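Me: Hi! I'm new to this one and would like to walk through it with you. Could you help me find my way around?

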Amino acid sequence: MSPTAIAASTLLPAGFVAAALLVSWRPWRRTAADAAFEFGSFALPLAVAAGWILALRLQEGEAIWSLRQRWHWLVVAAAIAGGVAAATTLPWLRGWLAELRPGRGDALVLNLAAILIAFAFRFTLHLPGADAYADRLMLLFVVLVPAMLLWPAAGREPGIATGAAFWMAATGLSGMAVMGGFAKLAISIGAIATAAAAAALLAASARRPVGATAGIAFAAMLAAATAAGRAYDDSGLPAAFWHLPLASLLLLAIPLPSAWGRVGGSLLRLLAIAVAVGVAVAAMASASGAFGTPSEEDEAIPSLYGFGEAAPYGADVRPSA
Amino acid sequence: MRLRPLLLAAAAAPLLALAFTAPPENAAASLPADAEGRFNVDTVHSMAMFRVQHLGAGQFWGRFNDVKGTIEYRPDAGEKALSFDISIDTASVDSGHDGLDRHLRSPDFFNSKEFPAMTFKSVSASPAGNGMWKVEGDMTMLGVTKRIAAEVEFTGAKTMRDRRCGFEAVFTIKRSEFGMNWGVENGSLGDSVRVIVGLEGIAN
C-alpha cells in the first residue's frame, strides 16, 4: 500500500467530515442559543459513517459491497451507526418523546438510538469467534455501554477535548490493528481518527461541543472497529487490551470535582485516556513481537526435542495448531 | 552381394516391429502399477510453495506447511483416471518471518480465521506425455471458486514400508480474481502468483 493510497484513505474522509460540519454548523452564524447546540447536528454522524465507508471501499475495492467476508459488514455497521445517530435529530421524533417524557425527551431518544445500534450490530456483525452466546452478549455490551455513556459527555465537554479523546482512541486502535497484521482495518480506523481530529478542531474553532449524536456514532463505530480488530487478531493479546482504548473514553463521562476547573478536568481526562491507550498499544506491540521478542511458535520447535538436539528424520516437528 | 539387402532388411525388421507395436500415447503416459489406487496425502512430505513479485523487483517465496487430501489413480476411468482432492491449511502459511506470516493470515490476504482452508478438486486429467498430465479443477480460496489448469508431473512411485506415489503440480493464478487484492492496484505486490505443490501419497 503506497503512502498516497493510505493518505487518500485517511484524509479524504476527514475532508468529508470537515465539509459536512462546516455546512451543517455554519459556524460563521454562531447561535449559542440554538436548541441543537449540545444535541449535535445530523450531518456529523452521517459524515463520519460515510468517511469510514469510503475508507473501507478505498481499501477493499468493489469487493467490499459483496459482503462475502465477515469484516465487509463493517460498512453496514457504519451505515447503521451513522443513520440511527442522525435519525435522532428528527424533529417529530424528539418532539414526540419530549411530550412523552417532559424534560427527558432528548435523553430518551439518544438512549433508544444506542440500544437500537447495539442490537443491530448483534445481528449484522458475525465476526470470527463471535458466534458463541457469550461473545454476542459481549458485543452488545461493548457497543451499548460506551454509546449510552459517551453522548452526554460529547454534548457537554469542550469540542476539542471530546474530539481529541476519540482521535486518541481511534489512533491507538489503528496502531493495534496494524501490529495485528490487518492493515486494511488499521487504515480505515485511521480515517475515523482523522475525522475525529477534524471534528475536534472545527468544534474548538466554533466554540461548541462535538455533539451528542456524534458521541453515539463515534462510540458505536469504534466499538465495531474494536470487535473486528480483536476477531482477526491472532497475536494472543488478551481481549481486555483490545477494549481498553474504547473503555478509556468512559473517563469522559466521569464527573470531576469543580476544583479542577473545566480546562484542568479536560486535560486530566485526556492524559488518563492517553495513558490507557498507550498501555493497550504497548501490550499489542509486546504480544505481536514488535519489540523483537521471539514468539511462542519460534520457541516451541526446539523445546519439543530439547535444546540443541536435532529432531529425528521424518518427524513432524511442527507445533500443533 | 545378394545377401546385403537381406542383412539390411533383417537389421531393420526389429525397428519396424518396434515402431508398429509401440504403445499409444495414453498408454505411454499411464502410471506404474505402484501408483494405482487411492492415496492419502502424506502431510509431512507434502507442501505448497508460492511465488509473487514484490515491489516490481524480486520474486518473493512462501510456503504452506499443512497440505492434506487424497490422490486417486484409476487407469480405466477415462478423463478422471487421475484425480486430486487437496486442502491447504491457510494458517500454515510460512514466509520465514512472524510478522509477515501474521499479515498473510489476516483478511488482507488469506483471512485464515474465516477461510481456514483453500481447496482444489480436479474435474479432469489428460496425459501430456513424459509423465506429465494436464489437470483441470476447481480451486476455492476466500470463498471464491475458479476453474484452473495445472501441469502435473508424476514424480515416482515405490513400495517401501508403504506404497507411495508422488506428484508435483505447477500453476499460476491471478489472486485478485479470488478477492485478494492487497498491493495489486499500486503494483507493490504482483497479481500473478505461481504455485508449486509437491505431493506424496500413501496408499490406503
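Me: Which side chains meet Arg102(B) in a salt bridge?
Reply: The side chain of Asp234(A) does, at 3.8 Å from N to O. A salt bridge here is a side-chain nitrogen of Lys or Arg within 4 Å of a carboxyl oxygen of Asp or Glu. Bear in mind that this is a predicted model, where local features need pLDDT of at least 70, side-chain atom pairs count only at pLDDT 80 or more, and totals for chains, interfaces and linings use all residues. Residues are numbered from 1 along each chain as its sequence is written, chains are lettered from A in the order in which they are written, and side-chain values use heavy atoms, without hydrogens and water.

Me: How many salt bridges cross between chain B and chain A?
Reply: The rule finds 2 across that interface, and a search of the whole structure finds 12 over all chains.

Me: Can you give me another one from that search?
Reply: Sure, Arg38(B) and Glu72(B) meet through their side chains at 3.4 Å, N to O. Arg38(B) sits in strand 1 (residues 37-41) of chain B and Glu72(B) in strand 4 (residues 67-73), so the pair ties together parts 34 residues apart in sequence. Strands (E, at least two residues) and helices (H or I, at least four) are DSSP runs numbered from the N terminus.

Me: Back to the interface. How many residues does each chain bring to the contact?
Reply: Chain B brings 24 and chain A brings 31, with contact meaning heavy atoms within 4.5 Å. On the chain B side, helix 3 (residues 98-105) gives the most, with 4 residues.

Me: What classes do the chain B residues there fall into?
Reply: They divide into 6 nonpolar, 11 polar and 7 charged. Ala, Val, Leu, Ile, Met, Phe, Trp, Tyr, Cys and Pro count as nonpolar, Asp, Glu, Lys and Arg as charged, and the others, Gly among them, as polar.

Me: New topic: what lines the largest cavity?
Reply: Residues of both chains do: Gly180(A), Tyr232(A) and Asp234(A), along with Arg102(B), Arg105(B), Ser106(B), Ser112(B) and Lys113(B). On a 1 Å grid over the protein atoms alone, a cavity is a set of points where a 1.4 Å probe fits but cannot get out, and lining residues have an atom within 4 Å of a point.

Me: What is its volume, and what classes are in the lining of the largest cavity?
Reply: The volume of the largest cavity is about 50 Å³, taken as the space filled by probe spheres set on the points, which are joined across faces, edges and corners. Its lining has 1 nonpolar, 3 polar and 4 charged residues.

Notes. On a 1 Å grid over the protein atoms alone, a cavity is a set of points where a 1.4 Å probe fits but cannot get out, and a pocket is an open set with protein on both sides within 12 Å along at least five of seven lines; lining residues have an atom within 4 Å of a point.
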